[in-house]
Amino acid sequence: MISLRRSRNGPKLAALAPERTLKRLELAVTRRLDGLLHGEHMGLIPGPGTELAEARLYQPGEDDIRHMDWAVTARTTTPHVRDLIADHELEAWALVDLTPSMDFGTGTMVKRDLAVAALAAVGFLTIRLGDRVGSYLLQPDGLRRRPARTGKAAMYSMLQAILDAEPGPRADGAPDLAAGITALDRGQARRGLRVIISDFLPPHDTALTAAAGPGTAPPWERPMRRLAARHQVLAVEIIDPRELDLPDIGLVEMTDPETGAVHEIVLNKKVRARYAAAAAAQREHTRAALRRSGAHHLVLRTDRDWIADVARFALRQRRAAGRTVAPGVRP
């Protein structure tokens, strides 16, 4: 496991929230995807606003016929559609999972650091038009709320607070992911973007057992459905490769990050195969629950380029919204 090192002097935060790189992402992707998030820029998930834009020619196979402008179509005898401009000055709220399982990583970073990077990407794409960003931090000892503010200084302060949050075992009675989503839904009624950043792992060692089978909905699914009924919801799933497959190294000691319990396990071929199958089933269970809840799903891994994954996701969501990708932009 990679140790988690934090410092208040900023180098780590600068690496996880590289403004210059995020600006290139904005120019290469979001300026060509104008209108998807809210304000005047295209964001990570498509969603209609309330202000009508100008009519334009209908693109077969790309535009949604529900956006057809029949008055202009009848007047010109050529099919036209009318886009919707998203609302300005919205509030984006993120729920960031900081429970012990997020302090693990065998790739280039730990999962908590990747959560910071994900929040930075969403935040910087949101605050540049003056929209406010707030957060709920699901920590081992409880839920912490940071008010929605605008500007880069407030964003950096929020990101640094996540890095500085002390790791530790989960306290008895501490809220789980379902409780965190419920608090976010009840506490913030104004419509806008809601981002859930988590590994979506159960808080106990039932994560890879039949208890999380396809017939059982995870506890967070119902509150996620309620949240998605009123807001645009983006679920960012953080994954480490060792959570999907184990190496062939024989006898090892494994520590449960949630409880601190230590177990000796022989990683033979049979155990590794069962683990991989159970891990794949658990991830599919999460994907299915997010799909049923109506949330958009972005997967980030600690062993991959997260900026490239965010860019590809934005392009896929743009195409799903039925808009044209600008020449030269590839997923």
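I started with empty space: the largest cavity comes out at about 30 Å³. This is a predicted model, so I keep in mind that it is one. Searching the whole structure, I got one cavity of 30 Å³ or more.

Next I pulled up the lining of that largest cavity. I found Ala 92, Trp 93, Ala 94, Leu 119, Val 122, Gly 123, Val 133 and Val 195 there. Strand 3 (91–97) and helix 4 are the elements giving two or more residues to this lining. By class I have seven nonpolar residues, one polar and no charged.

Then the cores. I noted 40 residues in the largest nonpolar core. Val 96, Ile 197, Val 236, Leu 300 and Trp 306 have the most contacts inside it. Helix 4, residues 111–127, gives the most to this core, with eleven residues. Another core, of 20 residues, lies apart from it, and I jotted down Ala 178, Ala 228, Ala 289 and Ala 295 as being among its members.

I picked Ile 197 for a closer look. Skipping neighbours within four places in sequence, I listed its contacts as Leu 95, Val 96, Asp 97, Ala 115, Ala 118, Leu 119, Val 236 and Ile 238.

Ser 198 was my last stop, and I placed it in strand 6 (residues 192–198). Is Ser 198 buried or exposed? Its relative accessibility is 1%, and the cut-off for buried is under 20%, so I count Ser 198 as buried. With neighbours within four places again left aside, Ser 198 touches Asp 97, Met 102, Leu 177, Val 236, Glu 237 and Ile 238.

Key. Residues numbered from 1 in each chain as written. Predicted model: local features only at pLDDT ≥ 70, side-chain atom pairs only at ≥ 80, totals over all residues. Heavy atoms only, no water. Core = buried A, V, L, I, M, F, W, Y, C linked by side-chain atoms within 4.5 Å. Buried < 20%, exposed > 50% of the residue type's maximum accessible area, 1.4 Å probe, protein only. Helix = DSSP H or I, 4+ residues; strand = E, 2+ residues; numbered from the N terminus. Contact = heavy atoms within 4.5 Å. 1 Å grid on protein atoms, 1.4 Å probe; cavity = no way out; pocket = protein on both sides within 12 Å on 5 of 7 lines; lining within 4 Å. Points joined across faces, edges and corners; volume = space filled by probe spheres on them. Nonpolar A, V, L, I, M, F, W, Y, C, P; charged D, E, K, R; others polar.
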